[in-house]
Amino acid sequence: RGHEVEVFASTPHTDRVENQNGIIEHWINEVSREKFRWVAGHRFAVRNAELPFDVIEGPEYFADASFARALAPEVPLVVKMHTPSLLIAQLNKKPGIEPGD
């Protein structure tokens with residue numbers, strides 16, 4: 001549809017930027033889940049200053065996109081829910097009621 005997509009992802013290997021079929025992949029050598037959002041947020045902010053993004057998408061767990069959003073508050077954030085529906089049903093069930101009841 002003509003969208004330009006860039007992905008910021010963790011790798012245990014050397015930092016690199018690749019273009020895979022028009023999608024720019026920013027591979028960040030940071031395997032710590034705690035530190036990744038900070039490093040990725042800084043990389044996002046640098047890239048956003050070069051070529052402003054229209055939207056940020058990130059998972060809810062570990063709030064991976066939270067620091068990118070804090071550094072670029074003008075960019076809307078869309079949060080993708082990665083939690084399996086069975087787990088959501090278990091977390092939301094009332095005592096004595098089984099999921100699906």
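Reply: Before we look at any feature, one convention: helices, of at least four residues, and strands, of at least two, are DSSP runs numbered from the N terminus. The structure above is a predicted model, and with that convention in hand, Asn21 can be placed in the loop between strand E2 (16–20) and E3.

Me: What is the sign of phi at Asn21, positive or negative?

Reply: As a general idea, most residues other than glycine have a negative phi. Asn21 is not a glycine, yet its phi is positive, at about 55°. The relative accessibility of Asn21 is 81%, so this loop residue counts as exposed.

Me: Which other residue that is not a glycine has a positive phi, of about 45°?

Reply: That residue is Ala63, whose phi is positive at about 45° although it is not a glycine. Ala63 is found in the loop between E4 and H2, and because its relative accessible area is 31%, Ala63 is described as partly exposed.

Me: Turning to the aromatic rings, how many aromatic pairs does a search of the whole structure find?

Reply: In general, a pair of aromatic rings is described by the distance of the centres and the angle of the planes. A search of the whole structure finds 4 aromatic pairs. One of these pairs is formed by Phe8 and Phe44, with 5.9 Å centre to centre and 65° between the planes, an edge-to-face arrangement. Since Phe8 lies in strand E1 (residues 6–11) and Phe44 in helix H1 (residues 33–50), the pair ties together parts that are 36 residues apart in sequence.

Me: Are Phe8 and Phe44 buried or exposed?

Reply: The cut-off is needed here, because buried means under 20% relative accessible area. Phe8 counts as buried at 19% relative accessibility, and Phe44 is buried with a relative accessible area of 6%. Phe44 also pairs with Phe53: the ring centres are 4.7 Å apart and the planes stand at 20°, so this pair is stacked. Phe53 is buried, as is Phe44, and ring pairs link Phe8, Phe44 and Phe53 into a cluster.

Me: How many salt bridges does the structure hold, and which residue does Arg47 meet in one of them?

Reply: The structure holds 6 salt bridges. In one of them the side chain of Arg47 meets that of Glu6, at 2.9 Å from N to O. This pair links distant parts of the chain, with Arg47 in helix H1 and Glu6 in strand E1, 41 residues apart. Both of these charged residues, Arg47 and Glu6, are buried. When reading such pairs it also helps to look for shared partners, and here salt bridges that share partners join Glu6, Arg47 and Glu50 into one network.

Me: Which residue forms a salt bridge with Glu18?

Reply: Glu18 forms a salt bridge with Arg16, and the closest N and O atoms of the two are 2.6 Å apart. As for the surroundings, Glu18 is partly exposed with a relative accessible area of 25%, and Arg16 is partly exposed as well, with a relative accessible area of 32%.

Me: Where does Asp64 lie, and which residue does it join in a salt bridge?

Reply: Asp64 lies in the loop between strand E4 (56–59) and helix H2 (66–71). Its salt-bridge partner is Arg33, with the closest N and O atoms 3.0 Å apart. Here too the pair links distant parts of the chain, since Asp64 sits in the loop between E4 and H2 while Arg33 belongs to helix H1, 31 residues apart. Arg33 is partly exposed, with a relative accessible area of 35%, whereas Asp64, at 14% relative accessibility, counts as buried.

Me: Which residues is Asp64 in contact with, leaving aside its neighbours within four places in sequence?

Reply: With those neighbours left aside, Asp64 is in contact with Arg33, Phe36, Arg37 and Pro59. For Arg33, the side chains also make a polar contact at 3.0 Å.

Me: Which residues make the nonpolar surface patch of about 200 Å²?

Reply: Val5, Val7 and Ile23 make that patch. Of these residues, Ile23 lies in strand E3 (residues 23–29) and is partly exposed, with a relative accessible area of 34%.

Key: Residues numbered from 1 in each chain as written. Predicted model: local features only at pLDDT ≥ 70, side-chain atom pairs only at ≥ 80, totals over all residues. Heavy atoms only, no water. Phe/Tyr/Trp six-rings, centres within 6.5 Å; stacked < 30°, edge-to-face > 60°. Buried < 20%, exposed > 50% of the residue type's maximum accessible area, 1.4 Å probe, protein only. Polar contact = N/O pair within 3.5 Å; in protein donor to acceptor, adjacent residues only side chain to side chain. Contact = heavy atoms within 4.5 Å. Patch = residues over 30% accessible without salt bridge, like charges linked within 9 Å, V, L, I, M, F, W, Y side chains within 5 Å. Areas by Shrake-Rupley, 256 points an atom, 1.4 Å probe, with all protein chains shown as cover. Salt bridge = Lys/Arg side-chain N within 4 Å of Asp/Glu carboxyl O.
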